[in-house]
Amino acid sequence: MNNYKIFCLDNSELVQYEAYSKGYRSDIYVLLNGEYYHLYFYNINRLGQDFDCELKDYGYFSVEPNLILVKEVKVEFIEKTVQMLISDSYFDRIKPVQIPSLHLDQLKDLI
């Protein structure tokens with residue numbers, strides 16, 4: 001498997017608990033082959049809530065780019081899912097993001 005690293009902006013126990021409770025995490029970055037990819041992890045319940053709210057408020061729902069559905073928004077599910085996405089060549093089909101060097105220092109190892 002390719003060399004990769006998974007990063008986040010904060011990996012404290014509080015942030016992990018909040019991500020699990022809220023059903024989403026939007027601060028996940030994967031470094032693969034020298035490129036960074038920004039992923040959004042949701043569980044199906046949170047996605048449904050967001051869908052209902054936005055449909056009611058705006059009349060449509062626009063999905064975040066690179067949104068990944070997982071059973072639970074926990075580190076172990078994120079790690080396993082990223083490994084499977086790499087195996088499925090998912091990152092070949094999405095665009096990498098540019099992270100200003102100033103912000104690279106803010107990234108923390110997820111694992």
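In the predicted model, residues 24 or more positions apart account for 66% of the contacts in the chain with a separation of 6 or more. These contacts are made by a chain of four helices and five strands, which follow one another along the sequence in the pattern β-α-β-β-α-β-α-α-β. The radius of gyration is 14 Å, close to the 13 Å that the globule rule gives for 111 residues, so the chain is as compact as a globular protein of that length. Along its principal axes, the C-alpha trace spans about 40 × 30 × 30 Å.

With respect to solvent, buried residues make up 36% of the 111 residues in the chain. The accessible surface comes to about 7300 Å², and carbon and sulfur atoms contribute 49% of this area. As for charge, the chain carries 11 positive and 17 negative side chains, and the centres of these two sets lie 2 Å apart.

The cysteines were examined next. A disulfide is a covalent bond between the sulfur atoms of two cysteines. A search of the whole structure finds zero disulfides. Cys8 has a relative accessibility of 0% and therefore counts as buried, the limit for that class being under 20%. Cys53, by contrast, has a relative accessibility of 47%; because this value lies between the 20% limit for buried residues and the 50% limit for exposed ones, Cys53 counts as partly exposed.

Backbone geometry draws attention to two loop residues, Asn33 and Ser89. Asn33 has a positive phi of about 50° although it is not a glycine, and this residue is placed in the loop between strand E2 (24-32) and strand E3 (35-42). The relative accessible area of Asn33 is 58%, and since residues over 50% are classed as exposed, Asn33 falls into that class. Ser89 likewise is not a glycine and has a positive phi, in this case of about 60°. The loop that holds Ser89 runs between helix H3 (75-87) and helix H4 (101-104). With a relative accessible area of 34%, Ser89 is partly exposed, because the value falls between the 20% and 50% limits. Thus a positive phi is found at Asn33 in a loop between two strands, and at Ser89 in a loop between two helices.

Conventions: Residues are numbered from 1 along each chain as its sequence is written. This is a predicted model: local features need pLDDT of at least 70, side-chain atom pairs count only at pLDDT 80 or more; totals for chains, interfaces and linings use all residues. Side-chain values use heavy atoms; hydrogens and water are left out. The radius of gyration is taken over C-alpha atoms; the globule rule is 2.2 Å times the number of residues to the power 0.38. Buried means under 20% relative accessible area, exposed over 50%, partly exposed in between (1.4 Å probe, protein chains only). Contact means heavy atoms within 4.5 Å. Accessible areas come from the Shrake-Rupley method with a 1.4 Å probe; for residues, only the protein chains shown count as cover. Lys and Arg count as positive and Asp and Glu as negative; His and the chain ends are not counted. The place of a charge is taken as NZ of Lys, CZ of Arg, CG of Asp or CD of Glu. A disulfide is a pair of cysteine sulfur atoms within 2.5 Å.
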